[in-house]
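Colleague: I have the sequence and the model open side by side, and I would love some company while I look. Could you pick one part, take me through it closely, and then set it against the rest of the chain?

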Amino acid sequence: MTDIASHRGGALLWPENSRTAFENTVKLPVEQVEFDVHPTRDGKLVVHHDDTLDRTTDASGPIAQRDWAELARVKLKNTDGERMLLLDEVIEIFRPTPILMRVEIKAGPDRTPYPGHAAKVAAALRERKMLDRTIMTSFQLDTVLAAAAEARPAKHVWLVLPTLQVDLGLARVIAAAKAANVPMLGLRQNALDADIVATVRAAGLGIGGWACNDADAIARLLDLGVDVFTTDRPDLAVAQRARRRPG
Ligand code: FE
């Protein structure tokens, strides 16, 4: 079976990475929820996609240059005044559920890693005894490696940008993952086909897809039988998958 991950809590259904999104995701029969983590200036961990506040909130500027007390007053767009959530708060939403957390370790502006960020996220998950319910992801192989070193027994996925897949070539992407002991790749949905899925699996790696945000992409990835995909429309994905499994 292909697992479904509600991306940013279902970003085309509800305001991304919001309490509303996560509490609605809990009501869906999905296996995973995806969300993104940045550090605040005073060392808290907040759940937000962009490294800046501009697109999704009534404030602007980099998240990592603000203390949590300031960020807690920032309102998320398209909500009834909701604020962004701390990692701990998202953990508490999913703790009573069977849903695994797919935690993306974000970088700062220009994709510069935050010093020690993966280790801090791992420590927070360990303290909350949630590592065995977590899959850690990053687009940066070094960050995946840092997470893997710090966050056993969490699982790890290297998200591969299509440009890297093209520039490096799939064989070298696979070799890098194998050398680094990363057990699963996540490729963009339109950079996946049956040959690529077979090649990745033959190398002993798991294969996931991301950005499956419309009915066609969802159907294609269900046909390909990938291990998991992230989607901004978890409702569509759940419905399509259910139709394929009569009874
Ligand atoms: Fe993400």
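**A close look at helix α8 and its surroundings**

Modeller: Of the contacts in the chain with a separation of 6 or more, 56% are between residues 24 or more positions apart. Please keep in mind that this is a predicted model. The chain has 10 helices and 10 strands, and buried residues account for 54% of its 247 residues. A compact globule of 247 residues would have a radius of gyration near 18 Å, and the 17 Å of this chain agrees with that. Along the principal axes, the C-alpha atoms fill a box of roughly 50 × 40 × 30 Å.

With that frame in mind, let us go to α8, which spans residues 194-202. Which residues of α8 are buried? They are Ile196, Val197 and Val200. Looking down the axis of α8, you find these buried residues within an arc of 100°, so they line one face of the helix. The general rule behind such a pattern is that an α-helix has 3.6 residues a turn, so residues three or four places apart point the same way. On the other side of α8, the exposed residues are Ala194, Asp195 and Ala202.

What does the buried side of α8 pack against? Its partners are the helices α6 (162-168), α7 (170-179) and α9 (215-224), together with the strands β8 (184-188) and β9.

Thr199 also belongs to α8, and it is partly exposed, because its relative accessible area of 40% falls between the 20% and 50% cut-offs. Beyond its neighbours within four places in sequence, Thr199 is in contact with Leu170 and Ile174. For a sense of distance, try Thr52: its C-alpha atom is separated from that of Thr199 by 37 Å, with the two positions 147 residues apart along the chain.

A good next stop is Val226, in the loop between α9 and β10 (228-231). Val226 is buried, with a relative accessible area of 0%. Not counting residues up to four places away in sequence, Val226 touches Thr2, Leu192, Val197, Arg201, Ile207 and Leu221. Val197 in that list is one of the buried residues of α8. Val226 and Ala194 are 32 residues apart in sequence, and their C-alpha atoms lie 9.4 Å apart; Ala194 itself is among the exposed residues of α8.

Now follow β9, one of the strands that the buried residues of α8 pack against. Strand β9 covers residues 206-210, and Trp210 is in it. Is Trp210 buried or exposed? Its relative accessibility is 14%, which counts as buried, since the cut-off for that class is under 20%. Setting aside neighbours within four places in sequence, Trp210 is in contact with Phe139, Leu159, Val160, Leu161, Pro162, Gly186, Leu187, Arg188, Gln189 and Thr230. Between the C-alpha atoms of Trp210 and Val160 there are 9.6 Å in space, while the two residues are 50 apart in sequence.

To set α8 against the rest, turn to α1 (residues 19-26), where Ala21, Phe22, Asn24 and Thr25 are buried. Seen down its axis, the buried residues of α1 fall within an arc of 165°, so they too line one face of the helix. They pack against β1 (3-7), β2 (32-39), β3 (45-47), β4 (85-86) and α3 (87-94).

Helix α3 has another pattern of burial: 6 of its 8 residues are buried, so it is largely enclosed by the rest of the structure. Those residues are Leu87, Glu89, Val90, Ile91, Ile93 and Phe94, and they pack against α1, β2, β3, β4, β5 and α4.

Two loop residues round off the tour. Most residues other than glycine have a negative phi. Asn17, in the loop between β1 and α1, has a positive phi of about 55° although it is not a glycine. Asp110, in the loop between β5 (100-105) and α4 (117-127), has a positive phi near 60°. Their surroundings differ: Asn17 is buried at 2% relative accessible area, whereas Asp110 is exposed at 78%.

Methods: Residues numbered from 1 in each chain as written. Predicted model: local features only at pLDDT ≥ 70, side-chain atom pairs only at ≥ 80, totals over all residues. Heavy atoms only, no water. Helix = DSSP H or I, 4+ residues; strand = E, 2+ residues; numbered from the N terminus. Rg over C-alpha atoms; globule rule 2.2 N^0.38 Å. Buried < 20%, exposed > 50% of the residue type's maximum accessible area, 1.4 Å probe, protein only. Contact = heavy atoms within 4.5 Å. Arc of directions from axis to C-beta.
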